[in-house]
Amino acid sequence: MTTTLITNIGELTTNVASDGDALGALHDAAVLIVGDRIAWVGPASALDRESASGGREVGNQPASRRPPVLSPEEGVEVVDAGGRAVIPGFVDSHTHLVFGGDRADEFEARMTGTPYAAGGIRRTVGATRSASDEELRARLAGFVAELHGQGTTTFEIKTGYGLTVADEERLARLAAEVTPEVTFLGAHVVPAEYSERRDEYVELVCDAMLHACAPHSRWIDVFCERGAFTPDESRRILAAGVAHGLEPRVHGNQLGPGEGVGLAVELGAASVDHCTYLSDDDVAALAGSTTVATLLPGVEFSTRQPYPDARRLIDAGATVALASDCNPGSSFTSSMPLMIALAVREMGMSPAEAVWAATAGGAKALRRDDVGALAPGMRADLVMLDAPTRVHLAYRPGVPLVRTVWIGGAAL
């Protein structure tokens, strides 16, 4: 079992609230990793005092807060952060990473005035169906490396670009090779061959497709939106998924006002994602529930739609997460640092709120209690920035600030 001590951290974001600081920031800090878990966090000076004291306890601190006693013969790897900032690994709770083809022409058209429409999904469906498992797996591996390189240590992947039983099953199976957070999204859009037989397609999603994908999936999602699935269809599909042991998520309120948020709260969904157009009732419902409002600013950047009003949600008491929605049509970016910068610039979030939403918020959207924070017992997923504070993630947009990434205690 390996032991790593990261010391001389200029600013450590723990996401363990203390003294009115939701991010629990420590300065001149250290983190001890044993195996794949955080063993201790605290001031580097306390660690030095304990080492010099010959192992005496400091006051009556709980064991998890006592500075560890380390000796050179224990084989501890010491990493000097050099005053840099360290944050929890990003948790990207909304991606679509298994697909074929490219839609750069659609992006170019939008940038010259063509409005965004949901129908482009069918183009990716065609390209994905034509791709081999080997092609999809290789492309997925490239995206995973891209995520890791930008500090994302936990991520979700949705199906939704196959829309046949066999193709949705293989997308779920390939996604499960790289993450336990797999979402069955057979209800992404009605495929062209069922355009005149919507009821048959909904039945297929609820029956044979769900049976095939459930063994590889943890979640079920539905695009409850005009041009996709109605609230009644969405409720039926989500209920079928829950009956198969899957937990619900919802795409909602992206293209206009709708019933997606209300449906998500009604069914106790872990999250409702997009939340671009919200009524006062929607905001109140989210604030009074455990459903996380996951905001996807990469979509608005790419489609020129209005950005969600994060400030309104936070002030109301709703839990907010940030995610990339990495997909070939409406948000072809895997950069969580970019999501933070956009949230601060365009959505009324402070840098601290945006960093929390991209780490702890994403963990809540995935109902994970082992990631998104740095505390004893948590998985050792950390990111060292080439910057003195987390604020630089918004202050220096577009600059590759991720210096070192640890996943499960292992440096990449």
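Okay, a strand here is a DSSP run of E with at least two residues, numbered from the N terminus. With that in hand, Val-222 lies in strand S10, residues 219–224. Before I go on, keep in mind that this is a predicted model.

So, Val-222. Is this residue buried or exposed? Its relative accessible area is 0%, and buried means under 20%, so Val-222 is buried. As for who surrounds it, leave out residues up to four places away in sequence, and Val-222 touches Leu-185, Ala-187, Phe-229, Ser-234, Ile-237, Leu-238, Arg-249, Val-250 and His-251. There's also a C-alpha distance for you: Val-222 and Gly-252 are 30 residues apart in sequence, and in space they sit 8.5 Å apart.

Next up, Lys-158. You'll find Lys-158 in strand S8, which covers residues 157–158. This lysine is buried too, with a relative accessible area of 1%. Which side chains does the Lys-158 side chain make polar contacts with? One is Glu-156, at 2.6 Å, and another is Asp-221, at 2.9 Å. Asp-221 also turns up in the contact list of Lys-158, which skips neighbours within four places in sequence. That list also has His-94, Thr-95, His-96, Thr-183, Leu-185, Arg-249 and His-251. If some of those sound familiar, Leu-185, Arg-249 and His-251 are touched by Val-222 as well.

Third residue, Arg-368. This one is in a loop, between helix H13 (351–365) and strand S16 (382–385). Where does Arg-368 fall on accessibility? At 17%, Arg-368 counts as buried, since the cut-off is under 20%. Its side chain has a polar contact of 2.8 Å with the side chain of Glu-181, and there's another of 2.8 Å to the side chain of Asp-370. Beyond four places in sequence, Arg-368 touches Thr-154, Pro-180, Glu-181, Arg-218, Ala-363 and Arg-379. So Glu-181 appears both as a polar partner and in that list.

Okay, on to helix packing. Two packed helices are described by the angle between their axes and the distance between the axes.

Take H12 and H13 to begin with; H13 is the helix at one end of that Arg-368 loop. H12 is residues 336–346, and it packs with H13 at an angle of about 140 degrees, the axes being 9 Å apart. Why call that oblique? Because angles over 145 count as roughly antiparallel and 65 to 115 as roughly perpendicular, and 140 falls in neither range. The crossing of H12 and H13 is right-handed. From H12 we have Met-336, Ile-340, Ala-343 and Val-344, meeting Pro-351, Ala-354, Val-355 and Ala-358 from H13. Sorted by class, that contact comes out as 8 nonpolar residues, no polar and no charged.

The other pair is H5, residues 165–176, and H6, residues 198–213. Here the angle is about 40 degrees, with the axes 8 Å apart. H5 and H6 are therefore oblique to each other, and their crossing is right-handed. On the H5 side you have Val-165, Glu-168, Glu-169 and Ala-172, and they meet Leu-204, Ala-208, Met-209, Ala-212 and Cys-213 in H6. What does the H5 contact with H6 look like by class? There are 7 nonpolar residues, no polar and 2 charged. The charged ones are Glu-168 and Glu-169, both on the H5 side.

That's it from me.

Methods:
Residues numbered from 1 in each chain as written. Predicted model: local features only at pLDDT ≥ 70, side-chain atom pairs only at ≥ 80, totals over all residues. Heavy atoms only, no water. Helix = DSSP H or I, 4+ residues; strand = E, 2+ residues; numbered from the N terminus. Buried < 20%, exposed > 50% of the residue type's maximum accessible area, 1.4 Å probe, protein only. Polar contact = N/O pair within 3.5 Å; in protein donor to acceptor, adjacent residues only side chain to side chain. Contact = heavy atoms within 4.5 Å. Axes fitted to C-alpha atoms, helices over the stretch in contact; angles between N-to-C directions. Parallel < 35°, antiparallel > 145°, perpendicular 65-115°, else oblique. Left-handed = near helix turned anticlockwise from the far one by under 90°.
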